[in-house]
Amino acid sequence: MAAHCSLRAKRLLLDPKFEGYKLSLEPLACYRLELDAAVAEVKLRDDQYTLDHMRAFGMYNYLHLDSWYQDNVYYVDQFGRIMNLSVTLDTALQKPREVFRLPTDLTAYDNRLCASMHFSSSTWVTLSDGTGRLYLIKSGKRGNSTSEKWEIVFNEELGSPFTIAHSVSFVKFDTHSVAVLLLRVEKDELDTKGSGFHITLEWVTIAEISKEGDHRYEILKRRVLQGKSVPHYAAIEPSGDGLMIVSYKPFKFMEGEDNKSAENDDAEATKEKKDPLYYWQQTEDDVTITVHIPEDITKDDIKVRFSPDNICVIVKDQPPLMEGKLYSSVDHESCTWIIRENKSLEICLIKKNEGPRWPELIVGDTRGEFIMDSSQCSEISESLMHLTSEVMNPNPEKENPPCNAQELEECDAFLEDSASLCRFDGDTLKVTHVINLGSNQYLFSVVVDPKEMPCFCLRHDVDALLWQPHSDQPENMWEHIATFNALGYVQASKQDKKFMACAPDYSYAALCECLRRVFIYRQPTPLATVLYNRKEGRQVGQVAKQLVTTLEANDPILGFQATSERLFVLTTKTLFLIKVNSGN
């Protein structure tokens with residue numbers, strides 16, 4: 001059974017007295033490189049009309065940051081060439097250079113997707129040409145023209161076109177393996193009420209096989225998860241043992257030869273759960289519990305212990321049938337129990353505080369079922385009538401109107417208010433941990449340490465909090481590592497935003513619009529001069545700056561990546577470098 005967890009923010013990383021961003025006019029050095037050939041952009045076709053198509057492919061980031069090497073980016077041009085720019089000195093920028101060329105003639109395919117890649121390790125790359133073919137490439141040390149040589153060690157057609165969501169390289173039992181996640185949006189003939197499409201994530205493991213001195217790579221496992229929304233975040237653990245997904249709608253493994261038995265186990269477990277262990281009812285004064293017991297049980301076989309806050313029921317020296325802390329206190333001296341003629345045990349608890357309804361009987365116990373009679377249903381319905389109306393805000397002048405939609409700001413509302421973070425086990429293919437993200441809107445992901453899983457950034461109230469998954473630390477599986485003050489609120493006001501990113505050293509966060517404009521939000525820094533808050537009359541010790549850059553380009557922004565020193569912005573024909581921080 002999946003453990004329900006929660007994210008614990010570190011209070012020391014929060015700043016309740018944050019005063020907002022001050023617009024800074026300090027100039028930022030911006031360098032532009034004209035590309036020899038345009039980026040291989042693939043526009044959505046007429047049959048790719050859903051929001052999921054737009055999220056997966058229409059908002060695709062065509063610029064790929066190689067986190068294993070400093071300031072090293074890649075993109076694919078219209079000739080199928082993998083182009084690389086490695087920056088050491090801004091004033092001596094070289095033209096992007098070709099490191100590999102896809103063997104496929106991409107123009108011959110009508111229904112292809114954009115080419116995609118992921119850097120599995122410092123010497124391994126996974127690559128897709130967008131036609132449904134996966135390449136595993138041994139690259140040598142990248143970012144250095146002398147040692148970088150891309151060599152195909154595996155390539156295979158894997159069905160319909162996909163993009164690569166994530167990949168990892170690991171060694172287990174002295175065997176080198178690469179696990180890769182492939183994302184597809186596929187037609188769903190059975191879905192007549194929804195969009196008519198479903199999302200699949202295929203988890204492919206490729207391993208080195210040695211046969212009679214011949215070393216080659218082959219597919220070891222193929223497993224498929226299916227869901228109804230494009231995941232915001234999907235990443236394989238560094239060990240290859242598990243998978244984490246943040247999505248609006250849940251994913252589940254599809255039944256295959258490997259996991260039919262697991263599906264059957266789930267079905268049996270569901271059947272067992274159908275019959276509650278006990279039933280309970282309540283009035284304002286008391287709670288009545290009914291438990292079915294075997295026919296041969298007598299009064300002497302039953303022990304019921306009452307205390308002001310706890311209850312324990314034992315039948316025939318077996319482990320306790322019911323035991324735990326009650327939701328609220330009872331008058332334990334007035335509580336009684338009796339065996340009814342229909343062989344059921346009836347327990348009556350007298351509430352210490354009359355009136356309040358109990359949402360649960362025993363704290364955390366889900367084995368019982370609450371039964372509500374019709375009079376209670378109508379009472380609750382009447383008490384909630386003032387909250388509902390067939391007319392939107394029928395009387396706004398009235399004191400305490402039910403809801404005034406005009407009071408809501410646009411940045412207070414977003415569609416996905418029920419997203420969840422799930423961790424899947426690679427062996428059992430079951431969910432082991434679940435976090436209901438509720439109103440913690442997903443913002444972006446970033447690689448802080450390439451040896452760890454990518455971090456994800458969530459909105460918490462007005463702030464944006466960065467979380468680092470630790471798959472090898474069950475007690476600290478998601479660590480709060482940084483906060484971007486008020487960024488959750490600020491980004492919601494940018495209607496044309498396309499990409500968000502942050503520096504791996506958390507020194508700034510940035511977002512770009514579809515065209516030209518880039519916004520940079522620095523972390524608060526101490527002031528060199530004395531500054532006072534005029535409203536409160538106190539000295540301000542530090543200030544956070546907002547910077548805005550407008551690019552000299554008319555083409556839409558296709559890629560956006562941040563390093564500790566620079567922002568890389570890719571348009572159809574130009575690559576821009578914005579110097580944000582000077583190197584130490």
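Let's start with one pair: Phe306 has Ile311 of β22 as its bridge partner. Keep in mind that this is a predicted model, where local features need pLDDT of at least 70, side-chain atom pairs count only at pLDDT 80 or more, and totals for chains, interfaces and linings use all residues. Numbering runs from 1 along each chain as its sequence is written, and side-chain values use heavy atoms, with hydrogens and water left out.

Back to that pair. β21 meets β22 (residues 310–315) in the antiparallel sense, over five bridges. Strands here are DSSP runs of E, at least two residues; helices are runs of H or I, at least four residues; both are numbered from the N terminus. Two strands pair if DSSP finds at least two bridges between them.

Which strands make up this open sheet, and in what order? The order is β21-β22-β23, with antiparallel pairing. β21 (302–306) and β23 (322–325) are the edges; each has a single partner strand, so one side of each lacks a neighbour in the sheet. On average, neighbouring strands of this sheet are turned by 10° against each other, direction ignored. The axes behind that angle are lines fitted to C-alpha atoms.

A quick reminder. Strands of a sheet pair through backbone hydrogen bonds, either parallel or antiparallel.

Next sheet. Five strands, open, mixed pairing: β1-β28-β27-β17-β16. The edges are β1 (3–4) and β16 (233–236), each with a single partner strand, so each has one side without a neighbour in the sheet. β1 runs parallel to β28 (residues 431–438), and two bridges join them. One residue to find on screen: His4, whose bridge partner in β28 is Val434.

Now the surface. Leu44, Leu51, Met54 and Met59 make a nonpolar patch of about 310 Å². Nonpolar side chains (Val, Leu, Ile, Met, Phe, Trp, Tyr) are joined within 5 Å, and patch residues have over 30% relative accessible area and no salt bridge. A salt bridge is a side-chain nitrogen of Lys or Arg within 4 Å of a carboxyl oxygen of Asp or Glu. Where does Met59 lie? In the loop between α1 (51–58) and β4 (64–65). Met59 is partly exposed, at 31% relative accessible area.

Finally, the whole chain. It has four helices and 40 strands. Of its 584 residues, 46% are buried; buried means under 20% relative accessible area, exposed over 50%, partly exposed in between (1.4 Å probe, protein chains only). Accessible surface comes to about 31200 Å², by the Shrake-Rupley method with a 1.4 Å probe. Carbon and sulfur atoms hold 49% of that surface.

Note on methods:
Patch = residues over 30% accessible without salt bridge, like charges linked within 9 Å, V, L, I, M, F, W, Y side chains within 5 Å. Axes fitted to C-alpha atoms, helices over the stretch in contact; angles between N-to-C directions.
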